[in-house]
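The exercises below are to be worked with the sequence and the model in view. Each task is followed by a solution in steps.

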Amino acid sequence: MMKIHLKGRSRYLYIAGITMLIQFLFFKCLYPFPNFMQDSYNYLRSAYTNADANMWPVGYAKLIRFAGFFSHSDTLLVFMQYFFYHCCALYFFFTILDLTNSGKWVKVAIFIFLFLNPVILYLSNYITSDVYFIGVSLIWISQLFKLIYKPGVLLLVTHVLVLLLAFTVRYHALIYPVISIIVIVFCAVSLRTKLFSIVAILALISGFVLYTTAQTEKVMGTRQFSAFSGWQMASNAVYAYAHMTERPAIKVPEEFTAVHTRVSNYLDSLQHIPMDLRPDKPLMAFYLWNPGSPLQPVPNAEHIADNKLHLEKMAAVSPLYNKYGKYLISQYPLQYIRYYILPNILQYANPPAENLAVYNDGSDTVWPVAQVWFGYKTNNVYTRSDTREMQIFEYYPAFMVFIILLFTGVWIGYLLIGGRKFTAPRFRNAFRITTLYWIVHFGFSVLASPVVLRYQLFNMILGVTFSVLLIDMYLRRARYR
């Protein structure tokens with residue numbers, strides 16, 4: 001069952017609620033308008049047209065539309081995001097308390113990181129799916145922890161639904177069914193229940209993929225599940241190709257001639273520009289979204305994320321770009337590893353703060369779709385803060401490095417001192433699930449797209465939580481030996 005026992009824990013509920021309101025009210029005094037990035041306008045366009053398919057999954061756009069049923073106030077949407085995260089974080093926090101008897105300092109440390117973490121507050125002010133996806137992910141992994149020691153039909157049913165919800169929000173959720181199925185296999189339920197749960201997961205996910213594929217064809221004119229994936233493949237491959245020290249001329253298949261010619265001509269134009277000044281120097285999404293990218297079907301297009309005609313053209317060439325990206329990788333596999341995979345591994349450990357460290361992409365205006373949806377009188381936005389405090393997020397990448405080292409250290413310590421002997425079974429299993437998630441997430445993230453800080457916050461939460469839990473166990477064990 002999913003029941004949460006609040007007896008003796010109500011104080012955490014009250015403190016979380018009170019601090020949430022105080023933080024939100026103070027923050028909105030400083031930032032009366034939300035924070036926007038390019039993704040924001042695509043989500044708003046999907047909400048405005050009630051689209052069932054777009055370049056990004058539309059689950060977050062449906063949340064925007066749901067909020068719009070009550071009001072198009074941007075403050076309401078931001079509060080809903082922040083409130084949703086708090087509800088999910090409380091469920092995760094109480095689940096963690098059930099795993100083991102931990103010291104007071106551990107509970108306080110985890111509570112502070114979950115509910116007083118400034119990055120969550122600022123991320124909630126973004127019109128983007130990040131904090132919504134983190135909340136769904138907290139529910140998802142909490143249910144996995146519970147499935148091992150307290151499985152039930154209701155928990156399994158709700159878990160399948162949460163999986164489907166995660167799938168509609170972020171493509172990173174592609175790894176979630178794999179992990180869920182592995183955990184369900186080891187659940188203490190009947191074989192029939194296991195099979196039914198696994199079939200239900202596969203059936204719902206497959207149904208969603210088929211429906212999205214049909215809707216993508218209807219909305220964007222091309223039958224494919226994700227128009228984004230082909231572009232990401234080409235972007236990753238071209239980034240590696242662009243940074244090769246030598247690029248011998250190759251004769252590409254005829255279907256790639258046009259795009260490869262544009263790429264080659266563009267790279268030739270960069271030859272005399274110092275590497276540090278090149279627009280494609282950071283391992284980011286330059287070749288994917290920048291208007292000057294040689295991959296763009298129409299050069300220098302404006303407002304790409306909210307340009308329906310341009311997005312349709314991007315979707316039309318996505319299957320070709322998917323094959324072109326794979327072709328480049330097949331021609332230069334070692335160079336791809338050297339210039340894309342290895343840098344992205346380093347970026348996984350030290351992810352750039354990206355949009356988190358800047359307000360509204362450094363602009364004081366928003367695109368028309370945001371003005372229309374939120375009913376702004378003008379397209380100008382402002383803050384009452386000078387935004388200097390956002391520079392704190394430039395230190396979060398170093399914090400991520402510390403968390404990875406800490407989590408790896410406590411994991412090695414767990415093996416060396418025989419952690420199985422002095423930890424409760426439910427904690428051991430939760431720790432295994434978390435380790436499995438970290439391994440799978442690492443592999444998927446490094447291969448899929450350039451890693452940024454926003455994508456690592458869920459990892460941060462898990463790393464901090466289990467690191468302090470294990471440190472507390474080690475200290476208590478040393479004290480009583």
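**Exercise 1.** Which residues form a nonpolar patch on the surface, and with about how much accessible area together?

Solution. The model is a predicted one. The patch on its surface consists of Trp-411, Ile-412, Leu-415, Leu-416 and Ile-417. Together these residues have about 490 Å² of accessible area. Next, place one member: Trp-411 belongs to helix 17, residues 396-416. Its relative accessible area is 32%. Partly exposed covers the range between under 20% and over 50%, so Trp-411 counts as partly exposed.

**Exercise 2.** Check the length of helix 2 (residues 38-49) against its expected span.

Solution. Helix 2 has 12 residues. The rise is 1.5 Å a residue, and it is multiplied by one less than the number of residues. The expected span is therefore 16 Å. The end C-alpha atoms of helix 2 are 18 Å apart, which agrees. Just after the helix, Asn-50 has a positive phi of about 55 degrees.

**Exercise 3.** Which residues of helix 2 are buried, and what covers them?

Solution. The buried residues are Asp-39, Ser-40, Tyr-41, Asn-42, Tyr-43, Leu-44, Ser-46 and Ala-47. Their cover includes helix 3 (59-70), helix 14 (308-331) and helix 16 (368-374).

**Exercise 4.** Is Asn-344 buried or exposed, and which residues does Asn-344 touch?

Solution. Start with the location: Asn-344 is in helix 15, residues 333-349. Its relative accessible area is 0%. Buried means under 20%, so Asn-344 is buried. Leaving aside residues up to four places away in sequence, Asn-344 touches Leu-283, Ser-445, Val-446, Ser-449, Pro-450 and Val-451.

Terms used. Residues are numbered from 1 along each chain as its sequence is written. This is a predicted model: local features need pLDDT of at least 70, side-chain atom pairs count only at pLDDT 80 or more; totals for chains, interfaces and linings use all residues. Side-chain values use heavy atoms; hydrogens and water are left out. Helices (H or I, at least four residues) and strands (E, at least two) are DSSP runs, numbered from the N terminus. Buried means under 20% relative accessible area, exposed over 50%, partly exposed in between (1.4 Å probe, protein chains only). Contact means heavy atoms within 4.5 Å. Patches are made of residues with over 30% relative accessible area and no salt bridge: like charges are joined within 9 Å, nonpolar side chains (Val, Leu, Ile, Met, Phe, Trp, Tyr) within 5 Å. Accessible areas come from the Shrake-Rupley method with a 1.4 Å probe; for residues, only the protein chains shown count as cover. A salt bridge is a side-chain nitrogen of Lys or Arg within 4 Å of a carboxyl oxygen of Asp or Glu.
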